[in-house]
Amino acid sequence: MSIQFEVMHKDIAGRVGRLTVGDKRIRTPALLPVVNPHIQIVPPGEMAAMGVEGLITNAYIFSKSADFREEALSRGLHDLLGFNGLIMTDSGSFQLSVYGSVDTTNEMTLAFQRDIGSDIWVPLDIPTHPDAPRETVESELGITMERLREAREIFGDDAPIAGPVQGGIHPDLREKAGREVSDLGFSFCPVGAVVPLLEGYRYRELVHSVLAAKKGLSPGACVHLFGAGHPSMFALAAAMGCDIFDSAAYALYAREGRYITPSGTLKLAEMAELPCACAICRSHTADELRASDQKERLLATHNLAVTQAEISRVRLSIQEGTLWELVDERCRSHPRLLDGYRELLKAGDLLERSDRATKRRFFYRGDESCQRTEVIRFQRMIPAIGLSSRVLILCGGPEPQDFEEVLELRPPFGAVPRELSETFPIGQTEVPAWDDAMLESAWKGVDILLAANPETEVTFSASPDLIQHIEERFPDAVVIA
């Protein structure tokens, strides 16, 4: 019952794929809601009716439960929870991160997960806190890797075991761990111990950690971001290459009276309206929801519905090639998310290698758009453009008739031959009035073009507001208005 992952569509580093384990299959990106057998606010059967294809529960809780241990062993998880989809189990590592110790071993928890019919098992890895000293991170990473090797030796290469990638906030350790996990043959690879980063809105460090792990992992690995479940960060995480998310946020937030939206969280006690189209919000007013004796269950159902809808939105944006626009939109909902977005853009050269060649569109949404992979790729190809001895670059000025070769300035890309005007990304680009960042990116493209064609005599036909700038930037060129 090995784990298989097939990629169907790509955008940036995001993938729409199919994860298959035995006879279970789910679409990715996917959310695995956390289910506590003792507190099932939204029963798994209702989750399935909402489109949930997989969930995650805690094998350690089952193993220590007087109410559920024997039933889980005799009936199996799927029958006990009333859920036919994919079920992943955690090993007790969460309890280890909270309490510092657990009453089990790596072999014991994996055997128990096998015996209760889990579809994906997790070894007893060490979720080292991001702020732990490097020596601690290295030591505990060594223990995690020993346990992964032990899991393979005892249960075999075909056992559906996840290979967690630890390493704290040290990119070199994350990359090393990712490489070793892939070398051991793991194809389902959670990036672990990131919850403290998420809780602290430390998205820049999250980007560093995930991208470092991705560098080490096999490109074909299915990547699970452990403990990530708020919809506002799904697009960012998908753009980094994360395929699976899990969280109990839908239930925990409901317990605290918090109402999830795609861009953040609101306090139900302060809301005058319910701005959502889910069944709960369309059948209740804000006052009715607050007064309901089923408030927690109803709010959890809403939270899960919104989270599921965002997962669908991310999948759609990857298929359409509009993930950058969704990342831009979502990351402007919080300044720390914007930090994470900008940090991701710094890895544009790396992301460009995995990005798709053509997309539905390129919408310019601000300075950040100048660093997108489409701009990087186009400017990387500019040296292949050969020019004649004398060309005109139109920059908003008139077009004289005595030039055989005419290019148009197309910010943020550069000067573009008319033959390429309908190709991607030029022909699918929408931009507002040119701003300074857009023009600076375009001038960079012109610099690359002229460096590749040093014998070409260039004339710029410019609008009045650009003449002085062009004369200063390209002193050897002719400028007309």
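This is a short tour of a predicted model, moving from one strand and its neighbours to a pair of helices.

Before selecting anything, note that residues are numbered from 1 along each chain as its sequence is written. In this predicted model local features need pLDDT of at least 70 and side-chain atom pairs count only at pLDDT 80 or more, while totals for chains, interfaces and linings use all residues, and side-chain values use heavy atoms, with hydrogens and water left out.

Select residues 30-35, which form strand β4 (strands are DSSP runs of E, at least two residues, and helices runs of H or I, at least four, numbered from the N terminus). Five of the six residues of β4 are buried, so the strand is largely enclosed by the rest of the structure (buried means under 20% relative accessible area, with a 1.4 Å probe and protein chains only).

Next add residues 244-247, strand β9, which runs parallel to β4 and is joined to it by four bridges (strands pair if DSSP finds at least two bridges between them); here Pro33 stands opposite Ser247. Then add residues 54-58, strand β5, also parallel to β4 and joined to it by two bridges, where Thr57 is the bridge partner of Val35.

Finally, select helix α8 (residues 171-183) together with helix α10 (residues 203-216), which pack at an angle of about 35° with their axes 6 Å apart (axes are lines fitted to C-alpha atoms over the stretch in contact, and angles run from 0 to 180 degrees between N-to-C directions). Among the residues making the contact are Arg174 and Arg179 of α8, and Ser209 and Lys215 of α10 (contact means heavy atoms within 4.5 Å).

Key. Buried < 20%, exposed > 50% of the residue type's maximum accessible area, 1.4 Å probe, protein only.
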